[in-house]
Amino acid sequence: MDIPTTMKAAVLFNYGDLRVTHKPVPAPSVGEALVKVDSIAICGSDPAIVAKGWQNHPPLGEFIPGHEFTGTVVAIAADVTELNVGDRVAVEPHKGCGRCVNCLRGLYTTCLNYGKPEKGHRHYGFCSNGGYAEYTVCHVNTLHKLPDNISFEEGALLTTAGTVLYGYERIGGVRPGETVVVTGPGAIGLISAQVAKILGAGRVILTGTREDRLAVGRQLGADVTLNINEVNVREEVMKLADGIGADLVVECTGQPGPAAEALEIVRKNGRICYNGIYHEPVTLQLNKIVQWNLLIAGPKAEGMWNLERAIPLMADGRLKMKPLITHTFCLDDINEAFDTFTGRVGGAIKVIVKP
Ligand SMILES: [Zn+2]
Ligand SMILES: [Zn+2]
(Lines give C-alpha, C1' and ligand atoms only; values in the text may rest on other atoms or scores of the structure.)
(Ligands and ions follow the chains in the order given, each with its own letter.)
Protein backbone atom coordinates (compact mmCIF):
# COMPACT_ATOMS: atom_id res chain seq x y z
CA MET A 1 0.00 0.00 0.00
CA ASP A 2 1.10 3.54 -0.70
CA ILE A 3 1.82 5.19 2.61
CA PRO A 4 2.64 8.90 2.60
CA THR A 5 5.39 10.34 4.79
CA THR A 6 3.20 12.98 6.43
CA MET A 7 -0.37 12.99 7.67
CA LYS A 8 -3.04 15.21 9.13
CA ALA A 9 -3.46 14.91 12.90
CA ALA A 10 -5.26 16.82 15.65
CA VAL A 11 -2.54 17.79 18.11
CA LEU A 12 -2.96 19.25 21.59
CA PHE A 13 -0.70 22.32 21.50
CA ASN A 14 -1.84 23.61 24.89
CA TYR A 15 -4.65 22.76 27.29
CA GLY A 16 -7.82 23.68 25.44
CA ASP A 17 -5.93 24.22 22.16
CA LEU A 18 -6.51 21.26 19.84
CA ARG A 19 -5.45 21.98 16.25
CA VAL A 20 -5.19 20.02 13.02
CA THR A 21 -1.64 20.03 11.72
CA HIS A 22 0.77 17.86 9.72
CA LYS A 23 2.93 15.22 11.39
CA PRO A 24 5.20 12.44 10.13
CA VAL A 25 3.40 9.11 9.66
CA PRO A 26 4.68 6.86 12.49
CA ALA A 27 6.41 3.55 11.70
CA PRO A 28 5.38 0.34 13.48
CA SER A 29 7.88 -1.04 16.03
CA VAL A 30 8.08 -4.64 17.23
CA GLY A 31 4.59 -6.06 17.77
CA GLU A 32 2.86 -3.11 16.14
CA ALA A 33 0.74 -2.39 13.08
CA LEU A 34 0.20 0.89 11.26
CA VAL A 35 -3.54 1.60 11.11
CA LYS A 36 -5.15 4.00 8.64
CA VAL A 37 -7.89 5.48 10.82
CA ASP A 38 -11.38 5.51 9.32
CA SER A 39 -13.75 6.49 12.14
CA ILE A 40 -13.22 7.71 15.68
CA ALA A 41 -15.89 8.41 18.26
CA ILE A 42 -15.65 11.27 20.73
CA CYS A 43 -15.75 9.85 24.26
CA GLY A 44 -17.06 11.57 27.38
CA SER A 45 -13.49 11.61 28.66
CA ASP A 46 -12.08 13.40 25.59
CA PRO A 47 -13.20 16.98 26.41
CA ALA A 48 -11.51 16.71 29.83
CA ILE A 49 -8.32 15.37 28.19
CA VAL A 50 -8.32 18.32 25.78
CA ALA A 51 -9.00 20.78 28.64
CA LYS A 52 -6.58 19.40 31.24
CA GLY A 53 -4.46 16.65 29.69
CA TRP A 54 -3.94 13.27 31.34
CA GLN A 55 -1.28 11.80 33.61
CA ASN A 56 1.97 11.20 31.68
CA HIS A 57 0.48 12.37 28.36
CA PRO A 58 2.91 12.92 25.47
CA PRO A 59 4.37 16.47 25.37
CA LEU A 60 2.10 19.35 24.34
CA GLY A 61 2.69 20.05 20.67
CA GLU A 62 3.02 16.29 20.01
CA PHE A 63 0.06 14.71 21.84
CA ILE A 64 -2.67 13.27 19.57
CA PRO A 65 -5.77 12.37 21.69
CA GLY A 66 -8.62 10.04 20.65
CA HIS A 67 -9.14 6.42 21.68
CA GLU A 68 -12.38 4.92 20.27
CA PHE A 69 -11.51 4.08 16.69
CA THR A 70 -11.49 1.74 13.75
CA GLY A 71 -9.45 1.54 10.57
CA THR A 72 -7.47 -0.64 8.19
CA VAL A 73 -4.07 -2.23 8.77
CA VAL A 74 -1.71 -0.78 6.15
CA ALA A 75 1.65 -2.03 7.45
CA ILE A 76 2.88 -4.50 10.06
CA ALA A 77 6.18 -5.04 11.86
CA ALA A 78 8.22 -8.06 10.75
CA ASP A 79 7.21 -10.12 13.81
CA VAL A 80 3.45 -9.59 13.44
CA THR A 81 1.71 -12.73 12.19
CA GLU A 82 -1.70 -12.25 13.84
CA LEU A 83 -2.91 -9.73 11.27
CA ASN A 84 -2.44 -8.90 7.63
CA VAL A 85 -2.29 -5.71 5.64
CA GLY A 86 -5.83 -4.91 4.54
CA ASP A 87 -7.53 -6.23 7.70
CA ARG A 88 -10.31 -4.02 9.05
CA VAL A 89 -9.80 -3.54 12.79
CA ALA A 90 -11.24 -1.99 15.92
CA VAL A 91 -8.64 -0.70 18.37
CA GLU A 92 -8.90 -1.01 22.12
CA PRO A 93 -7.07 1.80 23.85
CA HIS A 94 -5.41 -0.13 26.72
CA LYS A 95 -2.25 -2.15 26.16
CA GLY A 96 -0.83 -3.36 29.45
CA CYS A 97 2.88 -3.75 30.09
CA GLY A 98 2.41 -7.53 30.03
CA ARG A 99 4.83 -8.03 32.92
CA CYS A 100 3.19 -6.67 36.11
CA VAL A 101 1.07 -8.92 38.32
CA ASN A 102 -2.21 -7.34 37.13
CA CYS A 103 -1.32 -7.80 33.46
CA LEU A 104 -0.21 -11.37 34.13
CA ARG A 105 -3.70 -11.99 35.54
CA GLY A 106 -5.38 -10.37 32.50
CA LEU A 107 -6.26 -7.15 34.36
CA TYR A 108 -4.38 -4.95 31.90
CA THR A 109 -6.67 -1.91 32.22
CA THR A 110 -5.29 -1.58 35.75
CA CYS A 111 -1.65 -2.16 34.69
CA LEU A 112 0.76 -1.32 37.52
CA ASN A 113 3.10 0.27 34.98
CA TYR A 114 0.40 2.66 33.74
CA GLY A 115 1.90 5.58 31.84
CA LYS A 116 5.37 4.01 31.57
CA PRO A 117 6.07 3.49 27.85
CA GLU A 118 9.55 2.20 28.68
CA LYS A 119 7.84 -0.75 30.39
CA GLY A 120 5.72 -1.42 27.28
CA HIS A 121 2.51 0.15 28.57
CA ARG A 122 0.29 2.10 26.14
CA HIS A 123 -3.03 3.86 26.57
CA TYR A 124 -3.83 5.32 23.17
CA GLY A 125 -5.27 8.83 23.33
CA PHE A 126 -4.40 9.18 27.03
CA CYS A 127 -0.71 8.61 27.73
CA SER A 128 0.20 7.46 24.19
CA ASN A 129 -0.72 9.07 20.89
CA GLY A 130 -4.20 8.14 19.72
CA GLY A 131 -6.55 8.17 16.79
CA TYR A 132 -7.45 11.76 15.84
CA ALA A 133 -5.09 11.34 12.88
CA GLU A 134 -4.95 9.76 9.46
CA TYR A 135 -2.56 7.05 10.72
CA THR A 136 -1.50 5.66 14.06
CA VAL A 137 0.54 2.73 15.33
CA CYS A 138 -1.13 0.17 17.60
CA HIS A 139 0.16 -2.94 19.32
CA VAL A 140 -1.27 -6.18 17.98
CA ASN A 141 -2.69 -6.95 21.46
CA THR A 142 -5.10 -4.04 20.99
CA LEU A 143 -6.38 -4.89 17.51
CA HIS A 144 -9.64 -6.76 16.92
CA LYS A 145 -10.64 -7.90 13.43
CA LEU A 146 -13.93 -6.39 12.28
CA PRO A 147 -16.31 -8.55 10.26
CA ASP A 148 -17.55 -6.97 7.03
CA ASN A 149 -21.05 -6.47 8.39
CA ILE A 150 -19.88 -4.06 11.11
CA SER A 151 -19.29 -0.62 9.63
CA PHE A 152 -16.27 1.42 10.70
CA GLU A 153 -18.65 3.95 12.30
CA GLU A 154 -20.47 1.34 14.42
CA GLY A 155 -17.17 -0.39 15.19
CA ALA A 156 -15.88 2.85 16.72
CA LEU A 157 -18.40 2.24 19.53
CA LEU A 158 -16.93 -1.16 20.38
CA THR A 159 -14.71 0.31 23.08
CA THR A 160 -17.81 1.68 24.82
CA ALA A 161 -19.62 -1.64 24.36
CA GLY A 162 -16.58 -3.48 25.76
CA THR A 163 -16.65 -1.25 28.84
CA VAL A 164 -20.32 -2.09 29.38
CA LEU A 165 -19.64 -5.82 29.04
CA TYR A 166 -16.72 -5.60 31.45
CA GLY A 167 -19.01 -3.84 33.95
CA TYR A 168 -21.45 -6.74 33.79
CA GLU A 169 -18.59 -9.21 34.11
CA ARG A 170 -17.29 -7.41 37.21
CA ILE A 171 -20.71 -7.35 38.92
CA GLY A 172 -21.51 -10.99 38.21
CA GLY A 173 -23.57 -10.63 35.03
CA VAL A 174 -27.35 -10.54 34.76
CA ARG A 175 -29.39 -13.56 35.81
CA PRO A 176 -32.42 -14.43 33.68
CA GLY A 177 -35.53 -12.52 34.69
CA GLU A 178 -33.82 -9.96 36.90
CA THR A 179 -34.95 -6.35 37.21
CA VAL A 180 -32.13 -4.04 36.14
CA VAL A 181 -32.20 -0.26 36.59
CA VAL A 182 -29.86 1.75 34.35
CA THR A 183 -29.41 5.39 35.38
CA GLY A 184 -28.34 7.93 32.75
CA PRO A 185 -29.13 7.54 29.04
CA GLY A 186 -25.73 8.53 27.65
CA ALA A 187 -23.86 6.12 25.38
CA ILE A 188 -22.78 3.88 28.29
CA GLY A 189 -26.30 3.85 29.74
CA LEU A 190 -28.05 3.18 26.44
CA ILE A 191 -25.67 0.32 25.64
CA SER A 192 -26.04 -0.99 29.23
CA ALA A 193 -29.82 -1.14 28.80
CA GLN A 194 -29.47 -3.06 25.53
CA VAL A 195 -26.90 -5.48 26.97
CA ALA A 196 -29.05 -6.15 30.06
CA LYS A 197 -31.81 -7.38 27.74
CA ILE A 198 -29.33 -9.46 25.71
CA LEU A 199 -28.09 -11.06 28.95
CA GLY A 200 -31.64 -12.06 29.91
CA ALA A 201 -32.97 -9.31 32.18
CA GLY A 202 -36.69 -9.65 32.82
CA ARG A 203 -37.24 -5.92 32.98
CA VAL A 204 -34.95 -3.00 32.22
CA ILE A 205 -35.82 0.38 33.72
CA LEU A 206 -33.91 3.34 32.26
CA THR A 207 -33.89 6.70 34.04
CA GLY A 208 -32.88 10.13 32.77
CA THR A 209 -33.99 13.68 32.07
CA ARG A 210 -33.96 13.99 28.28
CA GLU A 211 -37.05 12.59 26.60
CA ASP A 212 -35.30 12.17 23.23
CA ARG A 213 -32.63 9.96 24.81
CA LEU A 214 -35.18 7.98 26.81
CA ALA A 215 -37.00 7.36 23.53
CA VAL A 216 -33.78 5.95 22.05
CA GLY A 217 -33.55 3.73 25.14
CA ARG A 218 -37.04 2.34 24.52
CA GLN A 219 -36.11 1.76 20.87
CA LEU A 220 -33.06 -0.22 22.06
CA GLY A 221 -34.97 -2.44 24.47
CA ALA A 222 -35.63 -0.60 27.75
CA ASP A 223 -39.02 -1.81 29.01
CA VAL A 224 -39.76 1.24 31.13
CA THR A 225 -38.26 4.72 31.09
CA LEU A 226 -38.58 7.17 33.98
CA ASN A 227 -38.02 10.90 33.61
CA ILE A 228 -36.47 11.93 36.93
CA ASN A 229 -37.86 15.46 36.52
CA GLU A 230 -41.41 14.10 36.39
CA VAL A 231 -41.58 11.15 38.77
CA ASN A 232 -40.05 9.97 42.04
CA VAL A 233 -37.63 7.31 40.80
CA ARG A 234 -37.43 5.50 44.14
CA GLU A 235 -41.20 5.19 44.42
CA GLU A 236 -41.62 4.09 40.80
CA VAL A 237 -38.86 1.47 40.98
CA MET A 238 -40.33 0.08 44.21
CA LYS A 239 -43.78 -0.09 42.57
CA LEU A 240 -42.33 -1.95 39.58
CA ALA A 241 -40.07 -4.22 41.67
CA ASP A 242 -42.62 -5.57 44.17
CA GLY A 243 -41.58 -3.12 46.89
CA ILE A 244 -38.26 -4.95 47.19
CA GLY A 245 -36.03 -3.03 44.79
CA ALA A 246 -33.95 -3.80 41.72
CA ASP A 247 -31.69 -6.83 41.54
CA LEU A 248 -29.02 -4.76 39.82
CA VAL A 249 -28.45 -1.03 39.39
CA VAL A 250 -26.05 0.14 36.68
CA GLU A 251 -25.17 3.76 37.50
CA CYS A 252 -24.06 5.65 34.40
CA THR A 253 -24.72 9.33 35.20
CA GLY A 254 -21.49 10.10 37.06
CA GLN A 255 -23.57 12.43 39.25
CA PRO A 256 -23.49 12.31 43.09
CA GLY A 257 -27.32 12.30 43.43
CA PRO A 258 -28.10 9.20 41.33
CA ALA A 259 -24.90 7.52 42.58
CA ALA A 260 -26.19 7.78 46.17
CA GLU A 261 -29.78 6.99 45.17
CA ALA A 262 -28.63 3.65 43.71
CA LEU A 263 -28.55 2.43 47.32
CA GLU A 264 -32.20 3.46 47.72
CA ILE A 265 -33.50 1.49 44.74
CA VAL A 266 -31.50 -1.74 45.04
CA ARG A 267 -32.84 -4.80 46.86
CA LYS A 268 -31.27 -6.58 49.82
CA ASN A 269 -28.55 -8.84 48.37
CA GLY A 270 -28.58 -6.67 45.25
CA ARG A 271 -25.71 -5.43 43.13
CA ILE A 272 -24.61 -1.97 41.98
CA CYS A 273 -22.18 -1.34 39.13
CA TYR A 274 -20.76 2.20 39.02
CA ASN A 275 -19.96 2.98 35.37
CA GLY A 276 -19.93 6.80 35.46
CA ILE A 277 -17.01 9.20 35.55
CA TYR A 278 -17.28 10.85 38.99
CA HIS A 279 -15.59 14.24 39.13
CA GLU A 280 -16.64 14.92 42.74
CA PRO A 281 -16.65 12.81 45.92
CA VAL A 282 -19.96 11.03 46.56
CA THR A 283 -21.43 10.29 49.99
CA LEU A 284 -22.75 6.72 50.18
CA GLN A 285 -24.43 4.90 53.09
CA LEU A 286 -21.67 2.34 53.53
CA ASN A 287 -23.50 0.71 56.41
CA LYS A 288 -26.31 -0.22 54.04
CA ILE A 289 -23.80 -2.00 51.80
CA VAL A 290 -22.79 -4.07 54.84
CA GLN A 291 -26.23 -4.65 56.38
CA TRP A 292 -27.92 -5.39 53.05
CA ASN A 293 -25.18 -7.70 51.81
CA LEU A 294 -24.69 -5.61 48.67
CA LEU A 295 -22.12 -6.20 45.97
CA ILE A 296 -20.51 -3.10 44.44
CA ALA A 297 -18.13 -2.99 41.44
CA GLY A 298 -16.64 -0.57 39.00
CA PRO A 299 -15.18 -1.53 35.63
CA LYS A 300 -11.95 0.13 34.54
CA ALA A 301 -12.66 0.50 30.82
CA GLU A 302 -12.95 -2.34 28.27
CA GLY A 303 -10.99 -4.80 30.41
CA MET A 304 -10.31 -8.52 30.02
CA TRP A 305 -10.85 -8.68 26.24
CA ASN A 306 -14.50 -7.64 26.52
CA LEU A 307 -14.26 -5.55 23.34
CA GLU A 308 -13.80 -8.81 21.42
CA ARG A 309 -16.91 -10.28 23.09
CA ALA A 310 -19.03 -7.36 21.86
CA ILE A 311 -18.14 -8.05 18.20
CA PRO A 312 -20.44 -11.06 17.58
CA LEU A 313 -23.31 -9.30 19.39
CA MET A 314 -22.91 -6.32 17.07
CA ALA A 315 -22.28 -8.44 13.97
CA ASP A 316 -25.57 -10.37 14.28
CA GLY A 317 -27.62 -7.24 14.98
CA ARG A 318 -28.44 -7.82 18.64
CA LEU A 319 -26.33 -4.85 19.76
CA LYS A 320 -27.53 -1.86 17.78
CA MET A 321 -25.27 1.16 17.50
CA LYS A 322 -26.78 3.17 14.66
CA PRO A 323 -29.37 4.99 16.84
CA LEU A 324 -26.50 6.28 19.02
CA ILE A 325 -24.49 7.78 16.13
CA THR A 326 -26.06 11.20 15.67
CA HIS A 327 -23.33 13.26 13.96
CA THR A 328 -20.28 12.85 11.71
CA PHE A 329 -17.54 15.43 11.07
CA CYS A 330 -14.28 15.43 9.11
CA LEU A 331 -11.01 15.82 11.04
CA ASP A 332 -10.60 19.46 9.93
CA ASP A 333 -13.81 20.27 11.83
CA ILE A 334 -12.78 18.49 15.03
CA ASN A 335 -13.41 21.49 17.28
CA GLU A 336 -16.94 21.84 15.91
CA ALA A 337 -17.38 18.12 16.52
CA PHE A 338 -16.30 18.59 20.17
CA ASP A 339 -18.64 21.57 20.60
CA THR A 340 -21.51 19.54 19.16
CA PHE A 341 -20.74 16.66 21.53
CA THR A 342 -20.28 18.70 24.72
CA GLY A 343 -23.22 21.03 23.97
CA ARG A 344 -25.41 18.07 22.93
CA VAL A 345 -26.26 20.16 19.88
CA GLY A 346 -29.06 18.61 17.83
CA GLY A 347 -29.52 15.81 20.35
CA ALA A 348 -25.91 14.64 19.95
CA ILE A 349 -25.16 11.29 21.59
CA LYS A 350 -22.14 9.80 19.81
CA VAL A 351 -20.21 12.03 17.42
CA ILE A 352 -17.90 10.43 14.86
CA VAL A 353 -14.83 12.10 13.38
CA LYS A 354 -13.52 10.88 10.01
CA PRO A 355 -9.80 11.56 9.37
ZN1 LIG B 1 -13.79 6.29 25.79
ZN1 LIG C 1 1.09 -4.21 33.52
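1. A residue is counted as buried if 20 or more other C-beta atoms lie within 10 Å of its own, and as exposed if 12 or fewer do. By that criterion strand 17 (residues 350-354) is mostly covered, with 4 of its 5 residues buried. The model under discussion is a predicted one, and the remarks below should be read accordingly.

2. Strand 17 has two pairing relationships to note. With strand 16 (residues 325-330) it runs parallel, joined by 5 bridges; His327 has Val351 of strand 17 as its bridge partner. With strand 3 the pairing is antiparallel and extends over 2 bridges, and here Ala41 stands opposite Ile352 of strand 17. The connection from strand 16 to strand 17 involves helix 11 (residues 334-342), and the three elements form a right-handed β-α-β unit.

3. Strand 3 (residues 32-41) also pairs with strand 8, in the antiparallel sense, through 5 bridges. Within this pairing, the bridge partner of Ala33 is Cys138 in strand 8. Strand 8 (residues 135-139) is largely enclosed by the rest of the structure, because 5 of its 5 residues are buried. The cover extends to both faces of strand 8: Tyr135, Val137 and His139 are buried on one side, and Thr136 and Cys138 are buried on the other.

4. On the domain level, the assignment divides the chain into domain 1 (6-157 + 321-354) and domain 2 (164-297). The centres of the two domains, taken over C-alpha atoms, are separated by 29 Å. Domain 1 contributes 7 residues to the contact and domain 2 contributes 9 residues. On the domain 1 side, the touching residues comprise 3 nonpolar, 3 polar and 1 charged.

5. An open sheet of 6 strands, with parallel pairing, follows the order 12-11-10-13-14-15. Strand 12 (224-227) and strand 15 occupy its edges; each has a single partner strand, so one side of each lacks a neighbour in the sheet. From one strand to the next, the twist averages 15°.

6. In this sheet, strand 10 (residues 179-183) and strand 11 (residues 203-208) are paired in parallel over 5 bridges, and Val180 stands opposite Val204 of strand 11. Helix 7 (residues 233-240) packs on the sheet, where it touches strand 10, strand 11, strand 12 and strand 13. The direction of helix 7 makes about 170° with that of strand 11.

7. Strand 14 (residues 266-274) is mostly covered, since 7 of its 9 residues are buried. Strand 13 (residues 246-251) pairs with strand 14 in the parallel sense over 5 bridges, with Ile272 in strand 14 as the bridge partner of Val249. Strand 14 is also joined in parallel to strand 15 (residues 295-297), by 3 bridges; in this case Cys273 stands opposite Ala297 of strand 15.

8. The handedness of the crossovers around strand 14 can be stated for each connection. Strand 13, helix 8 (residues 256-265) and strand 14 make a right-handed β-α-β unit. From strand 14 the chain passes through helix 9 (residues 286-291) to strand 15, and this β-α-β crossover is right-handed.

9. Two individual residues merit comment. Thr72 lies in strand 4 (residues 68-76). It counts as partly exposed because it has 18 C-beta neighbours inside 10 Å. Apart from its neighbours within four places in sequence, Thr72 is in contact with Val35, Lys36, Asp38, Gly86 and Arg88. Thr72 and Ala10 are 62 residues apart in sequence, and their C-alpha atoms are 19 Å apart in space.

10. Arg99 lies in the loop between strand 6 (94-95) and helix 2 (101-104). This residue is partly exposed, having 13 other C-beta atoms within 10 Å. When residues up to four places away in sequence are not counted, Arg99 touches Lys119 and Gly120. Arg99 and Ala222 are separated by 123 residues in sequence and by 41 Å in space, C-alpha to C-alpha.

Conventions. Residues numbered from 1 in each chain as written. Chains lettered and ligands numbered in written order. Predicted model: local features only at pLDDT ≥ 70, side-chain atom pairs only at ≥ 80, totals over all residues. Domains from an automatic or database assignment. Contact = placed C-beta atoms within 7 Å. Nonpolar A, V, L, I, M, F, W, Y, C, P; charged D, E, K, R; others polar. Pairing = 2+ DSSP bridges. Right-handed = clockwise from strand over helix to strand, strands pointing away. Axes fitted to C-alpha atoms, helices over the stretch in contact; angles between N-to-C directions.
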